[in-house]
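Please walk through this protein, starting from one strand pairing and moving outwards to its cores and its surface.

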Amino acid sequence: QTSEEDYSELAEALEPVFLDESDMKLALDTASNILPSISDYDKWSQFQNSFNSAATAMQAGQLCDADPSVLQSDSIAVALHALSQSTLAARSLQHASDVGVDVSLPEGFMEVSDMMDSNDDACIRARISSWPASLPLASSGSGSPRSKVFSVSLHDQYGQEMAVKDLERPIDVKVSLDSFIGGQAPEGATCMFFDPAQGSWSTDGVTTVGIATGSDGTSTFHCQTVHLSQFAVGLFATDA
């Protein structure tokens, strides 16, 4: 005889693989409500895995090279792109006005990596999200973000995250000044990324360029990186 628990497990197994924008917006609002209760890195890691699963389900239904989906809640914003591999080189993903950061990929981006078959023009998913500076990522002594925390990643057509590291030409990451606590970068601010292996913020592979003003007169805080990860601009204990 089939129990209620069996029916529950069956219903869960038959959940749709794809999420539409309204489903993802609901997931984003729910995540925003849960976020303040997350107090340590292990819980944050579990939370982020669930969030990424929802994003993968949404991106599975995106048409390649269509307009990106940009979704926002009270404390989280995410931009989801589906891009042909051949269009990635020198591609600029401009989201300073909504997610809080612009990400520009270098010339020859796919050529200098072994991430994909050069003869296979696959549809790559790009994911840029912003989170509050107060995330419980590391001990207070390892670095303190003064901007929002940005997660930047690429995923293959199956949703698996691609290892983007040791690039010959850096990726440009330009953080909107509105993303900083108080609306401005503190003196001595440094570009940093969170290294999960060390459980701390680090500058390995990340270069601080500083304040840059675009052709439209808008100022951003310019970082460069040879890998993708979670980024922020902030201060280390010796700077604070």
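Val-70 has Ala-79 of β2 as its bridge partner, and β1 and β2 pair in the antiparallel sense over four bridges, where pairing requires that DSSP finds at least two bridges between two strands. A hairpin of four residues joins β1 to β2. Strand β1 spans residues 69-72, with Ser-69 and Leu-71 on a covered face and Val-70 and Gln-72 on an uncovered one. This is a predicted model, in which local features need pLDDT of at least 70 and side-chain atom pairs count only at pLDDT 80 or more, while totals for chains, interfaces and linings use all residues. Residues are numbered from 1 along each chain as its sequence is written, and side-chain values use heavy atoms, with hydrogens and water left out.

Three helices and 13 strands make up the secondary structure of the protein, helices being DSSP runs of H or I with at least four residues and strands runs of E with at least two, numbered from the N terminus. Of the 240 residues, 45% count as buried, that is, under 20% relative accessible area with a 1.4 Å probe, protein chains only.

The largest nonpolar core (buried Ala, Val, Leu, Ile, Met, Phe, Trp, Tyr and Cys residues joined through side-chain atoms within 4.5 Å) has 33 residues, and Phe-221 and Val-233 are among those with the most contacts inside it. Strands supplying at least two residues each to this core include β2 (77-84) and β13 (230-235). A second, separate core of 24 residues includes Met-24, Ala-55, Val-78 and Trp-131.

Methods: Buried < 20%, exposed > 50% of the residue type's maximum accessible area, 1.4 Å probe, protein only.
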